[in-house]
Protein chains: 2
Amino acid sequence: MNIGEVAIKSGLPAKTIRYYEDIGLIRPDRHDNGYRLFRQTHLHQLMFVARARSLGFSIDDCRVLLALYDDDSRASAQVKALAQDHLAQIDAKIAGLRAMRDTLADLVDACHGDSRPDCPILKDLAAKHHG
Amino acid sequence: MNIGEVAIKSGLPAKTIRYYEDIGLIRPDRHDNGYRLFRQTHLHQLMFVARARSLGFSIDDCRVLLALYDDDSRASAQVKALAQDHLAQIDAKIAGLRAMRDTLADLVDACHGDSRPDCPILKDLAAKHHG
DNA sequence: ATAGGCATTCCAGTTACTGGAAGCTCAACC
DNA sequence: GGTTGAGCTTCCAGTAACTGGAATGCCTAT
């Protein structure tokens with residue numbers, strides 16, 4: 001397969017696939033003319049990565065996950081630990097965003113939003129938030 | 001004030017403050033010796049930005065917010081619109097993360113996490129997720 | 001004079017791509 | 001055979017918002 005075909009099948013832009021090769025995440029073969037030659041395993045790897053990325057795993061996580069997937073003697077505990085770590089980070093990020101969201105929503109509610117200059121949002125931003 | 005003092009008072013690293021000057025977000029004066037000279041207004045601007053950033057506003061949003069804050073004839077509607085936009089983006093991000101989180105949590109729960117290689121997490125990643 | 005701490009600039013790296021330019025290859029059509 | 005057009009190649013630069021580090025200058029105190 002050429003890159004265009006795997007791009008369609010994996011749902012990843014060709015640019016991204018080239019980038020993944022650049023950073024050594026996948027290693028497609030080459031045709032004599034210099035074109036990349038993708039085999040089924042390459043496509044599988046790309047789909048695997050696409051799915052992992054959609055779950056928020058970093059590229060480095062993907063490297064590890066691919067290696068674990070390749071390793072028949074892996075312990076599932078390793079995979080679970082990685083996923084749990086990642087889950088904790090997502091939870092932390094959600095918590096942070098929720099705190100932001102709540103504060104911001106309060107400010108938006110408090111702002112009448114008309115043609116007058118008085119604005120609780122700006123007042124909050126200008127207030128000293130020490131501590 | 002020198003940069004070290006505003007750094008402490010604003011809670012921002014000196015590096016970040018220099019960066020903010022680089023990109024034209026703030027414009028401190030200069031001592032004869034080349035040191036930056038920060039006045040109260042500069043400190044206020046930095047605290048304003050720090051607070052806005054902590055609410056997730058982008059640097060470009062901060063530019064606009066600072067300008068609105070400076071403009072006594074602003075309409076609070078402008079500020080509210082900006083904040084509402086931002087709020088919507090945060091909500092979207094939270095929704096995306098929650099979807100991730102739920103899928104990931106299911107997978108983590110399904111994985112026994114012992115020394116055996118069998119692993120539902122890897123199985124999911126390797127499965128075809130078409131559509 | 002010299003040591004310490006603070007300040008300066010500039011360069012490079014981070015994450016994961018994305019856009020664009022210049023140029024080669026391949027298949028098809030006249 | 002020549003030419004078009006799509007698809008492929010590489011390489012460079014830019015994104016967001018910093019952060020780290022090197023080399024160097026300034027200021028105060030001993």
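**Note on a predicted protein–DNA model**

1. The residues of the surface near DNA strand D comprise seven nonpolar, six polar and six charged ones. The model under review is a predicted one. Of the 19 residues around this strand, those that come nearest are A:Gly4, A:Tyr35, A:Arg36, B:Lys15 and B:Tyr20. Both protein chains are thus represented in that list, since A:Gly4 belongs to chain A and B:Lys15 to chain B. Among the atoms of DNA strand D that come within 4 Å of the protein, sugar and phosphate account for 64%.

2. The surface near DNA strand D may next be described by its helices. Helix 1 (3–10) and helix 2 (14–22) of chain A, together with helix 2 (14–22) of chain B, each supply at least two of its residues. The most is given by helix 2 of chain B, with four residues.

3. Three individual atom pairs show how the protein meets DNA strand D. A polar backbone atom of A:Gly4 is 2.9 Å from a phosphate oxygen of the strand. In the side chain of B:Tyr20, an N or O atom is 2.7 Å from a phosphate oxygen of DNA strand D. For B:Tyr35, the partner is a base nitrogen of DNA strand D, which is 3.2 Å from an N or O atom in the side chain of this residue.

4. DNA strand C should be read alongside. Here, too, there are 19 residues around the strand, and A:Lys15, A:Asn33, A:Arg53, B:Gly4 and B:Arg36 come nearest. Sugar or phosphate supplies 68% of the atoms of DNA strand C within 4 Å of the protein, and bases supply the rest. By class, the surface near DNA strand C has seven nonpolar, six polar and six charged residues.

5. Which helix gives the most to the surface near DNA strand C? Helix 2 of chain A does, with four residues. At least two residues each come from helix 2 of chain A and from helix 1 (3–10) and helix 2 of chain B. Among the atom pairs, a polar side-chain atom of A:Thr16 lies 3.0 Å from a phosphate oxygen of DNA strand C. The side chain of A:Arg53 has an N or O atom 2.7 Å from a phosphate oxygen of this strand. In the case of A:Tyr35, an N or O atom of the side chain is 3.4 Å from a sugar or linking oxygen of DNA strand C.

6. The relation between the two protein chains deserves attention. Chain A is superposed on chain B by a rotation of 180 degrees with 0.0 Å of shift along its axis, and the RMSD is 0.1 Å. The two copies are therefore related as by a two-fold rotation axis. Of the residues of chain A, A:Ile94 comes closest to this axis, with its C-alpha at 3.0 Å. Because 100% of the interface residues of chain A are also interface residues in chain B, the copies meet through the same surface.

7. B:Arg101 illustrates the contact between the chains. This residue is found in helix 5 (residues 76–110) of chain B. With a relative accessible area of 26%, B:Arg101 is partly exposed. Leaving aside its neighbours within four places in sequence, B:Arg101 is in contact with A:Leu87, A:Ile90, A:Asp91 and A:Ile94. The side chains of B:Arg101 and A:Asp91 make a polar contact of 2.9 Å. B:Arg101 and B:Ile3 are 98 residues apart in sequence, and their C-alpha atoms are 41 Å apart in space.

8. Is B:His42 buried or exposed? It counts as buried, at 8% relative accessibility. B:His42 has its place in helix 3 (residues 40–54) of chain B. Not counting residues up to four places away in sequence, B:His42 touches B:Arg27, B:Pro28, B:Asp29 and B:Leu37. A polar atom of the B:His42 side chain lies 3.2 Å from the backbone oxygen of B:Arg27.

9. The cysteines form the last point. How many disulfides does the structure hold over all chains? There are zero. For A:Cys119, the nearest cysteine sulfur is that of A:Cys111, 3.9 Å away. A disulfide requires the two sulfur atoms to lie within 2.5 Å, so A:Cys119 is in no disulfide. B:Cys62 is likewise in no disulfide, as its nearest cysteine sulfur, that of A:Cys119, is 14 Å away. A:Cys119 is buried, with a relative accessible area of 3%, and B:Cys62 also counts as buried, at 0% relative accessibility.

Methods:
Residues numbered from 1 in each chain as written. Chains lettered and ligands numbered in written order. Predicted model: local features only at pLDDT ≥ 70, side-chain atom pairs only at ≥ 80, totals over all residues. Heavy atoms only, no water. Buried < 20%, exposed > 50% of the residue type's maximum accessible area, 1.4 Å probe, protein only. Near = heavy atom within 4 Å. Polar contact = N/O pair within 3.5 Å; in protein donor to acceptor, adjacent residues only side chain to side chain. Nonpolar A, V, L, I, M, F, W, Y, C, P; charged D, E, K, R; others polar. Least-squares fit on C-alpha atoms with pLDDT ≥ 70 in both. Contact = heavy atoms within 4.5 Å.
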